[in-house]
Structures are given as C-alpha cells and as structure tokens.
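Hi,

Here is the structure I promised to pass on. Have a look at it first, and then read my notes below.

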Amino acid sequence: MWPYLDKAICKMVRDTTMRIAGQYIGQYKIESIEFETLTLGTMQPTLQGIKVFDTQEDEIIIEPILKWAGNPNIIIAVKAFGIRVTVQLVDLHIFTVPRVILKPLVPTLPCFGKISVSLMEKPHVDFGLKLGGLDLMAIPGLYKIVQEIIKEKVAELYLWPKTLEIPIIDDPRAAKKPVGMLYVKVIRAVNLKKMDILGKSDPYVKLKLTGERLQSRKTTVKMSNLNPEWNEVFTFAVKDPNSQVLELLAYDWDKVGTHDKLGMQILPLKYVTAHEPKIFTLELLKTMDPNDPHNKRSRGQIIVELTYNPFKEDDNSVRDYENATEVDKAPEGTPEGGGLLVVIVHEAEDVEGKHHTNPYVTLLFMGEERKTKRVKKNRDPRWEQDFEFMLEKPPVGEKIQVKVLSKGSSFHWHRKEDLGYVDINLSDVVNNKRINEIYHLINSRNGKIHIELQWKT
C-alpha cells in the first residue's frame, strides 16, 4: 500500500508546493523552482493511537495519531541570477493528528462516498536542509524561521475547518442536494485591531460556507473605521446543517500589497435553530489553533445574525435550485457526436500586478484565443462573461488554459503583466456535464479564479 500512497502524496505535495513557489518566481531574480527528485522513501508512517467519534449521524469520524520518521529523497532545484543550485531535504520527522471524516455512508463498497481530511492543530515538522555539503539548519535562527513558515503554509491549506476532500464513489447519496437556505447578516464589528500607520483600519469581511465551491462572499470596505457597521445580507445554499460551518474572516484592505488579516472565527450551523433568527457576538482570533498563544490578545468582535430556513417537500425553492444546476441541450446545428463547450468566466480574487492591476482573462483552447473585457484598478474583478466553442467531438483529454493578465496604459513602461494562470482538464466536464469551481492561479501569491464549464450535447 505504501508505494501507491507514496506516489499519490508526492503528486499532491508537488502540486501544492509549486502553487506556493510560483509566487516567488520573478522576485529576487528567481527564474525557476522545481523538484529534481521527489519520493518519500521506504519507511511508512506509524499509527501511535486512534480516536473514533460516534456522532449518531451518517458519517464516521476518526483522529489517528501519526508519527513518521522517514527516509525521503527530496531535492529542489532553484535557478536564480543564471545559477542553478539544489537543496536537499533530509532526516524528515512529522507528528500530526488529522481528523478524517468518512461520509456519507452508502450501501455500496467501500460504504462511504467521500473522505474529508483536516488538521486539528499545526503539525510538528523536523528536518534538515543541505545546500551542497552545507547544513543550512545549522545557521543560527534559520531553523525556527523555516519551521514556522512551513507550519503557517500547511495551516492555511488544511487547518480545521479547512479540508482536503477526496471523492471515492459516484453515488447519488454522496452528492447531496441543498436542504435549505442560510441568510447571514453581517451587522457590525467592534474594537478591531489598528493596522494602518494613522491608527486605523479599512475593514471588510469574507464569508465562506464549508462544502460550497463558490467564491467567498465579501462585504463592502469601510474606510478608516475600527467599529464599522455593514448590515449586509448574504445567502448560502445549505446541504448538511449538522456538519457545515460558516467561516468569517476580517481583513484590512490595502491599496498596495496583500490585505492584512484582522482576525477570524467560525460558526457551526448546528447552533442555529431552524426559522429562528439568532444574533452571535464572536471574538476574532488569529487562527483556529486552540494552542496558538496569539489568540490570547484581543482582536475585536464581529456581530452577525443567522437565519436557517429548511426547504419543505413542496417548496418551489428546491425545484428552482435543481433547475438552475441543469445544463440546457445544445442548439440546433450542433455536429452529431459533438457538442457545445461553454466557458463562463465569473470573477477572480486577490490578483495583483507589480506595476498595475487592470485584469482581463484570456482563454486558449485548441489554438483559439478569446478575451474578456478589462477591469481597471481592481484586485477582485468580476466579468460574468461566457464563451462558446462548437466541437465535432467531446474534448476528452484536452485542456483549456485560463490566464489572467493586466494591461497598463499606452505610455506605461510595463505594458502587460501576467497575474497567473491555470490549465483545466476538460474530461471532467464531459463526464459531469457541468463544473463550477474556484481554481488557485499558478504564479500568483494568493490569486484565485471562478470558472464554470458546461458541455451541451
């Protein structure tokens, strides 16, 4: 089993690492970062213990205690200033406690439709780094800095309530349909942290419901305000009120650079009673790690009102939602055996250029290029444009490249900038008829793009 897990884990590590490393290419004269060798070796992790939780729900929750003292062979090649150097990772030790959720339970082997994995706390990682024959970890202070960076990056991706979801079987019960609507009113925040030089912040709030693939919702930005009032309402389709969690993240908006996180909090929907509006006053935290000492410092509070309205069996909302997710048939004149590929470019998030941010999107498919309109001076642009490709056969095995670019003025020295891209395999859209996903942009610090694809026959 371990040799197969080795290959699967290495692929995931390679994809995740390259996405993170892409943000540094072009900076500090770095030309490329790539794995020269990547294998986890022959020594597999050991199970030190396991907890199993009985939730009386259609799921199994386990928390294995994993320890791994491995013999991996991991070599990363970095090219900068025209010089290529290699860094080798040695003596890797990992101690972690993941939460593994098997759900929904179905009457088809292996009896669960999906695996969801998240970390309950930041993992302990110990390792050595060698640059040629030099032990980099022997440099004073570097060991601790590298460890903290790795922990933070892993936590950003998989620290609970964020999850890595792995579909197992295609069972009708595995793909749940909405059972109700959640209405979230972001009322206000109080005593937010000062982030700007003048002792103020420009706050806004991002909202995300776990298990939902759509882009995060956002409030408006309140300039120079530590006690902002929004009174803005957002709507979410709920599939499982017993397990889904509402994530709230407050940010300080900045015109240049990355938006600073003011704090975050989560709210499980199981605490909301159906048809009864309820106001929650939530303490903002730095992270959801219960052992993080930074959480002892006050970061302010956010006040929200939640209302959950389940669907009734004869509720028209159910039929309206199902109709909205269906794909129309291809128009007359579509080639027999072929179909119509529809690509809808919805929006992007956290895209940023070095010299200007006037983003637009190009689609490159089978030698044909299409473009969206340009949105001026916007790091969170919305396009809502669709493009059609008439094909004589299904695009199985084909890819479409989605690239975000920024175009400056005619007199700007840096006329065009690449803000990131993603290559999308079209086999899934042919099989599922419709895909609605948010993709991380390669060669972008935090950029994401929301793309919907439909295959009409």
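What follows is a short tour, from the whole protein down to single residues.

Before you start, note that this is a predicted model, in which local features need pLDDT of at least 70, side-chain atom pairs count only at pLDDT 80 or more, and totals for chains, interfaces and linings use all residues. Residues are numbered from 1 along each chain as its sequence is written, and side-chain values use heavy atoms, with hydrogens and water left out.

**The whole protein**

The protein has four helices and 26 strands. Both are DSSP runs numbered from the N terminus, helices being H or I with at least four residues and strands E with at least two. Of the 457 residues, 43% are buried. Here buried means under 20% relative accessible area, exposed means over 50%, and partly exposed is in between (1.4 Å probe, protein chains only). The accessible surface is about 25400 Å², and carbon and sulfur atoms hold 53% of that; the areas come from the Shrake-Rupley method with a 1.4 Å probe, and for residues only the protein chains shown count as cover. As for contacts (heavy atoms within 4.5 Å), 66% of those with a separation of 6 or more are between residues 24 or more positions apart.

**Strands and sheets**

One open sheet has four strands, in the order S22-S19-S26-S25, with antiparallel pairing. Two strands count as paired if DSSP finds at least two bridges between them. At the edges are S22 (382-391) and S25 (434-440), each pairing on one side only. From one strand to the next the twist averages 20°, where axes are lines fitted to C-alpha atoms (for helices over the stretch in contact) and angles run from 0 to 180 degrees between N-to-C directions. S19 (residues 339-349) is joined to S22 by eight bridges, and Val342 has Glu388 in S22 as its bridge partner.

Strand S23 (residues 399-407) is worth finding too. Six bridges connect it, antiparallel, to S20 (residues 359-365), with Gln401 of S23 as the partner of Leu364. Nine bridges then connect S23 to S24 (residues 416-425), again antiparallel, and Lys403 stands opposite Tyr421 in S24.

**Salt bridges**

How many salt bridges are there? The count comes to ten, taking a salt bridge as a side-chain nitrogen of Lys or Arg within 4 Å of a carboxyl oxygen of Asp or Glu. Three of these pairs are described here:

- Glu36 and Arg84 meet at 3.0 Å, N to O. Glu36 is in S1 (residues 30-39) and Arg84 in S5 (residues 83-96), 48 residues apart. Glu36 is partly exposed at 43%, and Arg84 is partly exposed at 46%. Together with Glu34, Glu36 and Arg84 are linked in a network of salt bridges.
- Lys218 pairs with Asp380, their closest N and O atoms being 2.7 Å apart. Lys218 lies in S13 (residues 217-218) and Asp380 in the loop between S21 (368-371) and S22, so the pair ties together parts 162 residues apart in sequence. Lys218 is partly exposed at 24%, and Asp380 is partly exposed at 25%.
- Glu347 and Arg382 meet at 3.1 Å, N to O. This pair links S19 to S22, with the two positions 35 residues apart in sequence. Glu347 counts as buried because its relative accessibility is 14%, whereas Arg382 is partly exposed at 49%.

**A few single residues**

Ile187 lies in S11 (residues 180-190). Is Ile187 buried or exposed? Ile187 counts as buried, because its relative accessibility is 11%. Beyond its neighbours within four places in sequence, Ile187 is in contact with several residues, including Trp230, Ile279 and Ile303. The C-alpha atoms of Ile187 and Ile303 are 5.6 Å apart, although 116 residues separate the two along the chain.

Met12, in helix H1 (residues 2-21), is partly exposed at 31% relative accessibility. Leaving out neighbours within four places in sequence, Met12 touches Tyr158 and Leu164.

Finally, look at the surface patch of about 370 Å² made by the nonpolar residues Leu47, Ile50, Val52 and Ile60. Such patches take residues with over 30% relative accessible area and no salt bridge, joining like charges within 9 Å and nonpolar side chains (Val, Leu, Ile, Met, Phe, Trp, Tyr) within 5 Å. Strand S2 (residues 46-53) gives the largest share, three residues. Leu47 lies in S2 and counts as exposed, at 52% relative accessibility.

Cheers
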